[in-house]
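Visitor: I would like a close look at a single part of this model. Please take one residue, then show me how the rest of the chain is laid out around the topic.

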Amino acid sequence: PSRILPPLLLLVLLLGPAAPCSPQPNATRFVCTEPTLSTFPSGLPPTTLAISVEFTALATLLPTALAGLPRLQELHLSSNHLTTLPEALLRPVPTLRVLDLTDNLLADLPASIFASSSHLQHLVLRGNRLQALHPAWFQHLPRLRWLNMAANTLAEVPQAVFLPLHSLRSLDLSHNRLASLAPGALAGLQALERLDLEGNRLGTLPPATFTPVPALRFLFLQDNKLRVLPAGIFIPLRHLCVLDLARNRLQALELPPELPSPVLDLDISGNPWVCECPLLALLRQAALRLTATRDTLCASPARYQGQEVAAVSRAGDTGC
């Protein structure tokens, strides 16, 4: 005898399986981490304030993907397979404040991608394949406070590329391929407090590198190829709290004559230090706290080779 299917089961069979991550009416947040998702969800309600589509198979976005979402403030698209973005993608969302594109496959961005994003405050492009910085990207971002472009393949920072970013507080360019900084590379960043250049290929820095960033408090230069720093390079940094110069090729160091209060945390480990009077006297300053002391060793002269720099600087028989 034939069997009659229940109406609900029959409806499911007729309609097929439900699409992953279906939007809910009148919701303010939409979250989807479905690995099989390959198309950006449609039909999101106009009440949506935040979208998180992460760890999916999403590879492309239509120019109209964000149409009808005038109140959107946060867009998180990390860990997808995006290779490009439509130039008009962000035009429907002028109030967007946070954009996270971490760990995609972006090799470039349209020149005017952020032309309608004057309210953007956080922009994260970490872990992509960007090879160059284009001044046009930053022309219309007066409120941007946080810019993370770490772990790309950037080879240079053009002069004044960040000039319009008067509100920027944090800039992360770590783990790129920067071999040098152009004079004036940091021009316009008078509010900058945190600069991360860790893990690049920097061999030296222009003498006035930090003149445009007098508010800087945290400076990370570890794991580069710095051999010599220009005299007086840190003098403009009156508010510096943390300076990391670990694992470079430095032999000598000069700091501002008046260190900020209460204390400067300084990591100079993993460098071949010449333990002579200028360095030893510098490290006796009361406003200085040396970190990673066990890995901060003298390379010369021979009588101090292999000894901890901090211990030598405290010794009373250095003749300094």
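Leaving aside neighbours within four places in sequence, which residues is Arg247 in contact with?

Guide: First, a caution: this is a predicted model. Now to the residue. Arg247 is in contact with Gln222, Asp223, Asn224, Ser269, Gly270 and Asn271, once its neighbours within four places in sequence are set aside. Its place is in the loop between strand E10 (242-244) and E11. The backbone deserves a look here. Arg247 has a phi near 55°, which is a positive value in a residue other than glycine. Is the residue buried or exposed? Neither label fits, because its relative accessible area is 43%, and partly exposed covers the range between 20% and 50%. For a distance, take Leu226. Arg247 and Leu226 are 21 residues apart in sequence, and their C-alpha atoms are 8.9 Å apart in space.

Follow the chain on to strand E11. This strand spans residues 264-267 and pairs with E13 in the parallel sense, over 4 bridges. Within that pairing, Leu266 stands opposite Leu290 of E13. Strand E13 itself covers residues 288-291, and its side chains alternate. Leu288 and Leu290 point to one face and are buried. Arg289 and Thr291 point to the other face and are not buried. So Leu290, the partner across from Leu266, belongs to the buried face of E13.

Other loops offer points to set beside Arg247. Ser79 also has a positive phi, about 55°, although it is not a glycine. Ser79 lies in the loop between strand E3 (74-76) and E4. Beyond E4 comes another loop residue, Ser117, located between strand E4 (98-100) and strand E5 (122-124). Ser117 counts as buried because its relative accessible area is 0%, and the cut-off for buried is under 20%. Not counting residues up to four places away in sequence, Ser117 touches Leu90, His140 and Leu141.

One peptide bond also calls for attention. The bond from Ser300 to Pro301 is cis, with omega near -5°. Pro301 is found in the loop between strand E14 (298-300) and helix H3 (309-314).

Now step back to the whole chain. The protein chain holds 3 helices and 14 strands. Its C-alpha atoms fill a box of roughly 105 × 50 × 35 Å along the principal axes. The radius of gyration is 26 Å, whereas a compact globule of 320 residues would have one near 20 Å. Buried residues make up 45% of the 320 residues. Contacts can be sorted by sequence separation. Among those between residues at least 6 apart, 47% join residues at least 24 apart.

The surface and the charges complete the picture. The accessible surface of the protein chain comes to about 15,400 Å², and 56% of that belongs to carbon and sulfur atoms. The chain carries 24 positive and 22 negative charges, and the mean positions of the two sets are 3 Å apart.

Technical notes: Residues are numbered from 1 along each chain as its sequence is written. This is a predicted model: local features need pLDDT of at least 70, side-chain atom pairs count only at pLDDT 80 or more; totals for chains, interfaces and linings use all residues. Side-chain values use heavy atoms; hydrogens and water are left out. Helices (H or I, at least four residues) and strands (E, at least two) are DSSP runs, numbered from the N terminus. Buried means under 20% relative accessible area, exposed over 50%, partly exposed in between (1.4 Å probe, protein chains only). Contact means heavy atoms within 4.5 Å. Two strands pair if DSSP finds at least two bridges between them. The radius of gyration is taken over C-alpha atoms; the globule rule is 2.2 Å times the number of residues to the power 0.38. Accessible areas come from the Shrake-Rupley method with a 1.4 Å probe; for residues, only the protein chains shown count as cover. Lys and Arg count as positive and Asp and Glu as negative; His and the chain ends are not counted. The place of a charge is taken as NZ of Lys, CZ of Arg, CG of Asp or CD of Glu.
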